[in-house]
Amino acid sequence: MKRTNCVVAQVLLWSLFVSRVATVAQDAESGPLLLRASVPKASIKKAEPLPVLVEVENQSQATVPIVSLFEPVYGFLRFHIVQPDGDEFEYQPISTVSLANLNKTDLSAGDVITHTELLLYSANDGYVFSQTGVYSVVVSFDVYGNGHPLNAKSLSVLVEDPEGIDNEAYSLFYGTDQGRFAAGNSDSVIAKKNFSEISTKYANSRYAGYCEFYLGLYYLEKHSYPEAETMLQRILLEHPDFPLVADVGYRLAKYYVQTGQNNKAIESLAGVIATYPKDVIAQKAKILLTTITPSALGGATGASISGP
């Protein structure tokens, strides 16, 4: 797996995500398509990654072809961010950080497709949420691919200083090397060491699950598969409300296929599809599932994805 095809984005357990949404924004004048954007909580700590759930709903009675390139690096999905000090910028990932790289999708009448993007580190601006105060995030998506994107109303997010165990973890999480490591553009030994320490010493902090996710992707890229499985399984076991659970399940399934553990791959993919049927990752899971033949021996073990 190349760097540009990995590192970081999926959704919180669906019912939990919906029930805990702090802000929902939508464009009511979008014709047959409705764009919604939401965040799971009204406040985060400094440098904490922010998961933004993006939903596109077909309100018409006919099938509508849309662009489903949800990864911002392609330029169809964009995040305009205004900082507390008034400065503003467009979030620019330094690599492809999710698996949502389908091309065209036919969205049936009344159907919804979703994607969660994790905002953490921007190519030109570093950590997205490095100041305390209120940020605004405006999501736009060129769903038709015609240069006329749909726009969602502004999302407001309060960023606060970390305290207690979060503050101790933050001292290891924040830094250029760590940010670029998380964004998939660094092999920093220091960042890897610090993220590993957060995972073990500060496992209950806000930053631990993200560190395990980034470490898991790093190990996958380096073909250190046992270490990658350990990190990704730890997320499912210890952070079941992690916002990229679907992404984790899909990546684990690919690992299982590569190592001949087809039954475990099938279980993981089935969990993604059942729990996140509207997520763009579920579409990729269905495609991968059609290529897998069940193993003759051995069942699935370890953590799995289950619905609420």
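Biologist: Which exposed residues does α4 carry on the face turned away from its buried side?
Modeller: On that face of α4 sit the exposed residues Val189, Ile190, Lys193, Thr200 and Lys201, and I should say at once that this is a predicted model.

Biologist: And which residues of α4 are buried?
Modeller: The buried ones are Ala191, Asn194, Phe195, Ile198 and Ser199. Seen down the axis of α4, these buried residues fall within an arc of 140°, so they line one face of the helix.

Biologist: What covers the buried residues of α4?
Modeller: The cover includes four other helices, namely α2 (164-173), α3 (176-182), α5 (208-221) and α6 (225-238).

Biologist: How many residues does α4 have, and how far does it reach?
Modeller: Helix α4 covers residues 189-201, which makes 13 residues, and from its first C-alpha to its last it reaches 18 Å, close to the 18 Å expected at 1.5 Å a residue. At the start of α4, Ser188 has a side-chain oxygen that comes within 3.3 Å of the backbone nitrogen of Ile190.

Biologist: Switching to the core, which residues have the most contacts inside the largest nonpolar one?
Modeller: Those are Val52, Phe173, Ile198 and Tyr214, in a core of 85 residues. The largest share of this core comes from α5, with 10 residues.

Biologist: Take Leu215 then, where is it found, and is it buried or exposed?
Modeller: Leu215 is found in helix α5, and it counts as buried because its relative accessibility is 0%, where buried means under 20%.

Biologist: What is Leu215 in contact with, leaving aside its neighbours within four places in sequence?
Modeller: With those neighbours left aside, Leu215 is in contact with Phe181, Lys192, Phe195, Ser196 and Met231. Of these, Lys192 is 23 residues away from Leu215 in sequence, while their C-alpha atoms are 7.1 Å apart in space.

Biologist: Different spot now: where is Glu48 found, and is it buried or exposed?
Modeller: Glu48 is in the loop between β3 (43-45) and β4 (50-58), and with a relative accessible area of 1% it is buried.

Biologist: What lies 2.8 Å from a polar atom of the Glu48 side chain, and what else is Glu48 in contact with beyond four places in sequence?
Modeller: The backbone nitrogen of Lys45 lies at that distance of 2.8 Å from the side chain's polar atom. Leaving aside neighbours within four places in sequence, Glu48 is in contact with Lys41, Leu119, Phe129, Arg206, Tyr207 and Tyr210.

Biologist: Last one, how many helices and strands does the protein have?
Modeller: The protein has 9 helices and 14 strands, and of its 308 residues 56% count as buried.

Notes:
Residues numbered from 1 in each chain as written. Predicted model: local features only at pLDDT ≥ 70, side-chain atom pairs only at ≥ 80, totals over all residues. Heavy atoms only, no water. Helix = DSSP H or I, 4+ residues; strand = E, 2+ residues; numbered from the N terminus. Expected span 1.5 Å × (residues − 1). Buried < 20%, exposed > 50% of the residue type's maximum accessible area, 1.4 Å probe, protein only. Arc of directions from axis to C-beta. Contact = heavy atoms within 4.5 Å. Polar contact = N/O pair within 3.5 Å; in protein donor to acceptor, adjacent residues only side chain to side chain. Core = buried A, V, L, I, M, F, W, Y, C linked by side-chain atoms within 4.5 Å.
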